[in-house]
Amino acid sequence: MTASSPDIKTESPIRAPSSVPVDDAVLPFEVDALDLRGRLTRLGPALDDILTKHDYPAPVGRLLGEAIVLTTLLGSSLKFDGRFILQTQTDGPVSFMVVDFQAPDRLRAYARFDASRLTPGAESAALLGKGHLAMTIDQGPDMSRYQGLVALHGGNLEDAAHEYFLRSEQIPTRVRLAVGEEWRGGDGKATHRWRAGGLLMQFLPKAPERARQADLHPGDAPEGTAVHAVKEDDAWVEGQSLIATVEDVELIDPDLSGERLLYRLFHERGVRVFSPQKLQAKCSCSRDAVASMLKSFEAKDRAEMVQDGKVVVTCEFCSSVYQFTPHEAGVEEGAAS
Ligand SMILES: [Zn+2]
């Protein structure tokens, strides 16, 4: 699929795009002619597993799905055995979300929301409201944590990602996120499945001065200020116009392979794909981890957790229920109310 260069023998083989869709995977790609690098993700069973376990109302499932897609696109670039955590804290009906990606392939997530404030068909931006989005990279106990923060002022998660890359990383970046529900009939009952897809594309030219970007909010300048027009690089302008043509349905279509979608977008320029990275929905909670968390609580708080003669802890990520006797939970005899 890449432009051929006959004198370089190490060039990866040119082949037709595979028509086999691969779900729960991230497909890295590059478009050399435009200095673009990116990742395409398709999520099927892993996303359905996370959202169905929680039985979220559809608008909440959709928004958390978008956060999961964004996390997948960003976290899958981690090369070490680390963790990428995306969190939102906002004043909208969905007040809190957390998505935890543990390299190389584990995903888990949950959301908190106020059901009385949900309206059918509400847009993701309205569900989020205002607040902030935090991205944390944790490389283990001996390494420093990195945290990036971006304000959410009424936009959606795509807007937040664009703002983050413009202000913090200064890498021209475009992100597309799409989440959908798939209904299938048969045997007299309809089955429902969540699906999602996303695309991240970055402009990484060798000459850094080519990466200049137009500001997102030219309207903020005081009146009378001369507008500082930034002319974006032609390659980046072309890349942005190509990604703007991607429709949500193409990102989530279960019958359209990721390779075919990339080929559809970039075939005129030549696109090279790399090995897909598989993902899975898997929580890292365990009885031992919950027990040691209980031990870290104050004795008084532990005692207050005893109900009907037992301590029950439910994992917020995966809804697993862990039951302990007061003794196992470290509650002293007679302390429980
Ligand atoms: Zn769990």
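Which residues does glutamate 182 touch, not counting residues up to four places away in sequence? Select glutamate 182 in this predicted model and look around its side chain. The contacts are Thr191, His192, Arg193, Arg195 and Pro254.

**Stop 1: glutamate 182 and the β8-β9 hairpin**

Stay on glutamate 182. Its home is strand β8, residues 173-184. Its relative accessible area is 12%, under the 20% cut-off, so glutamate 182 counts as buried. Now add arginine 184. The side chains of glutamate 182 and arginine 184 are joined by a polar contact of 2.8 Å.

Next, show strand β9, residues 191-203. β8 and β9 pair in the antiparallel sense, over 12 bridges. To find the register, pick tryptophan 183: its bridge partner in β9 is histidine 192. Then follow the chain round the turn. β8 and β9 form a hairpin with 6 residues between them. Glycine 186 sits in that turn, with a positive phi of about 125 degrees.

**Stop 2: the aromatic pairs**

The structure holds 6 aromatic pairs. Begin with phenylalanine 96 and tyrosine 110. The ring centres of phenylalanine 96 and tyrosine 110 are 6.1 Å apart and the planes are at 50 degrees, so this pair is tilted. Colour the strands: phenylalanine 96 is in β4 (residues 94-102), and tyrosine 110 is in β5 (residues 106-113). The pair therefore ties together parts that are 14 residues apart in sequence. Both phenylalanine 96 and tyrosine 110 are buried.

Move to tyrosine 164 and phenylalanine 165. This aromatic pair is edge-to-face, with 5.2 Å centre to centre and 75 degrees between the planes. Tyrosine 164 is buried, at a relative accessible area of 6%. Phenylalanine 165 is buried too, at 7%.

Return to phenylalanine 96 and add Phe317. Phe96, Tyr110 and Phe317 form one aromatic cluster. Then select arginine 108. Its charged end sits over the ring of phenylalanine 317, 3.8 Å from the ring centre.

**Stop 3: the loop between β4 and β5**

Select proline 104. Proline 104 is found in the loop between β4 and β5. Check the peptide bond from alanine 103 to proline 104: this bond is cis, with omega near 5 degrees. Most peptide bonds are trans.

**Stop 4: the nonpolar cores**

Which residues touch the most other members of the largest nonpolar core? Select Leu47, Leu64, Ile68, Leu70, Met97, Met135 and Leu157. The core they belong to has 53 residues. Its largest share, 9 residues, comes from helix α2, residues 58-75.

Centre the view on leucine 157. Beyond residues up to four places away in sequence, leucine 157 touches Leu63, Glu66, Ala67, Leu70, Thr88, Met97, Leu128, Leu133 and Leu177. Apart from the largest core lies another, of 23 residues. Leu251, Leu261, Leu265 and Val271 are among its members.

**Stop 5: proline 59**

Go back to helix α2 and pick proline 59, which lies in that helix. Is proline 59 buried or exposed? It is buried, with a relative accessible area of 18%. Leaving aside residues up to four places away in sequence, proline 59 touches Thr119 and Leu127. Now draw a distance to glutamate 123. The C-alpha atoms of proline 59 and glutamate 123 are separated by 7.8 Å, although these residues are 64 residues apart along the chain.

**Stop 6: a sheet of 3 strands**

Show β13, β14 and β15. They make an open sheet in the order β13-β14-β15, with antiparallel pairing. β13 (306-307) and β15 (321-324) stand at the edges. Each has a single partner strand, so one side of each is left without a neighbour in the sheet. Zoom in on β14, residues 310-314: 4 bridges join β14 to β15. One place to see the pairing is valine 311, whose bridge partner in β15 is phenylalanine 324.

**Stop 7: two positive phi values**

Most residues other than glycine have a negative phi. Finish with two residues that have a positive one.

Aspartate 24 is in the segment before β1 (25-31). Its phi is positive, about 55 degrees, although aspartate 24 is not a glycine. At 8% relative accessibility, aspartate 24 counts as buried.

Glutamine 170 lies in the loop between α4 (157-169) and β8. Its phi is also positive, about 50 degrees. Glutamine 170 has 57% relative accessibility, over the 50% cut-off, so it counts as exposed.

Conventions
Residues numbered from 1 in each chain as written. Predicted model: local features only at pLDDT ≥ 70, side-chain atom pairs only at ≥ 80, totals over all residues. Heavy atoms only, no water. Helix = DSSP H or I, 4+ residues; strand = E, 2+ residues; numbered from the N terminus. Buried < 20%, exposed > 50% of the residue type's maximum accessible area, 1.4 Å probe, protein only. Polar contact = N/O pair within 3.5 Å; in protein donor to acceptor, adjacent residues only side chain to side chain. Contact = heavy atoms within 4.5 Å. Phe/Tyr/Trp six-rings, centres within 6.5 Å; stacked < 30°, edge-to-face > 60°. Lys NZ or Arg CZ within 6 Å of the ring centre and 35° of its normal. Pairing = 2+ DSSP bridges. Core = buried A, V, L, I, M, F, W, Y, C linked by side-chain atoms within 4.5 Å.
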